[in-house]
Amino acid sequence: PLAPAVKNFTLNFTITNLQFTADLEKPSSRRFKSTEKVMYHYVSLAKQCPAGAQFYGFLSNDQTNASFPRSTKNRGDTGVDAMCSCRNEPTDPKFNRTTLYRELSEMTNGITKLGHYSLNSQSLYVNG
């Protein structure tokens with residue numbers, strides 16, 4: 001039997017009602033952990049990955065260490081760069097980032113809501 005294929009991808013989006021502050025740079029902070037929990041939940045709901053998508057962490061600007069999202073030009077916003085993967089069985093449909101984008105768009109009410117967070121509707125990008 002063939003082993004499941006693993007597809008790595010990143011999700012990028014902007015949270016408009018989470019002001020970037022120093023505590024978001026500390027993985028031990030309450031604010032970081034709370035936001036990270038929402039990300040795990042969000043990514044795990046993706047049906048494009050029948051075996052379930054996995055959220056592995058946040059990418060720093062240099063993409064070498066997992067760290068919290070970034071500040072944006074608008075100081076009231078926080079940019080998110082999430083590193084994820086999708087494990088598909090050989091019989092599952094092939095990973096399709098356009099399908100995943102549409103699915104995430106639907107899950108977030110047109111890229112406007114992620115749990116209690118508001119999103120910039122033009123900010124979702126799936127790379128992979």
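What follows is a walk through this structure, from its overall layout to a few individual residues.

Let us begin with the whole chain. The model is predicted, and the protein has 128 residues, of which 41% are buried. Its secondary structure amounts to two helices and seven strands. If you trace the chain along the sequence, you meet these elements in the order β-α-β-β-β-α-β-β-β. Contacts across the sequence are worth a look too: of those that link residues at least 6 apart, 71% connect residues at least 24 apart. On the outside, about 7500 Å² is exposed, with 49% of that area coming from carbon and sulfur atoms.

Before going further, it helps to know where the predictor is confident. The mean pLDDT of the protein is 76, and 75% of its residues reach 70 or more. Confidence is highest in strand 6 (residues 117-118), at a mean of 90, and lowest in strand 2 (residues 53-58), at 58. Along residues 60-67 the pLDDT falls below 50, and this stretch has nine contacts in the model beyond near neighbours in sequence. Where pLDDT is low, the predicted coordinates should not be read in detail. With that caution in hand, we can turn inwards.

The largest nonpolar core holds 23 residues, and those with the most contacts inside it are Phe9, Leu11, Phe13, Ile15 and Leu114. Two or more core residues come from each of strand 1 (5-15), helix 1 (30-44), strand 4 (78-88) and helix 2 (97-107). Leu114 is a handy place to stand and look around. Beyond its neighbours within four places in sequence, Leu114 contacts Phe13, Val38, Met39, Tyr42, Thr108 and Leu119.

One of those partners, Met39, deserves a stop of its own. Met39 belongs to helix 1. Its relative accessible area is 1%, so Met39 counts as buried. From Met39 to Val80 there are 41 residues in sequence, while their C-alpha atoms lie 9.5 Å apart in space. The other helix also has an inward-facing list to check: the buried residues of helix 2 are Leu100, Glu103, Leu104 and Ser105.

Back at strand 1, look next at Thr14. Which residues does Thr14 contact, leaving aside its neighbours within four places in sequence? They are Thr72, Asp77, Thr78, Gly79, Ser118, Leu119, Asn120 and Ser123. Thr14 is buried because its relative accessibility is 13%, below the 20% cut-off.

Asp77, one of the partners of Thr14, sits in the loop between strand 3 (70-71) and strand 4. Is Asp77 buried or exposed? With a relative accessible area of 11%, Asp77 is buried. Not counting residues up to four places away in sequence, Asp77 touches Thr14, Ile15, Thr16, Leu18, Phe20 and Thr72. Thr72 therefore appears in the contacts of both Thr14 and Asp77, under the 4.5 Å limit used for a contact.

Now for charged side chains that pair up. How many salt bridges does a search of the whole structure find? The search finds one, and it joins the side chains of Asp23 and Arg31, with 3.5 Å from N to O. Asp23 has a relative accessibility of 28%, so it counts as partly exposed. Arg31 is also partly exposed, at 26% relative accessibility.

Our last stop is the loop between helix 2 and strand 5 (113-114), where Asn109 is placed. Just after helix 2, Asn109 takes a positive phi of about 55 degrees, and Asn109 is a residue other than glycine. Ile111 lies in the loop between helix 2 and strand 5 as well. Although Ile111 is not a glycine, its phi is positive too, at about 60 degrees. Where do these two stand with respect to the surface? Asn109 counts as exposed, at 57% relative accessibility. Ile111, at 3% relative accessibility, counts as buried.

Terms used
Residues numbered from 1 in each chain as written. Predicted model: local features only at pLDDT ≥ 70, side-chain atom pairs only at ≥ 80, totals over all residues. Heavy atoms only, no water. Salt bridge = Lys/Arg side-chain N within 4 Å of Asp/Glu carboxyl O. Buried < 20%, exposed > 50% of the residue type's maximum accessible area, 1.4 Å probe, protein only. Core = buried A, V, L, I, M, F, W, Y, C linked by side-chain atoms within 4.5 Å. Helix = DSSP H or I, 4+ residues; strand = E, 2+ residues; numbered from the N terminus. Areas by Shrake-Rupley, 256 points an atom, 1.4 Å probe, with all protein chains shown as cover. pLDDT = per-residue confidence, 0-100.
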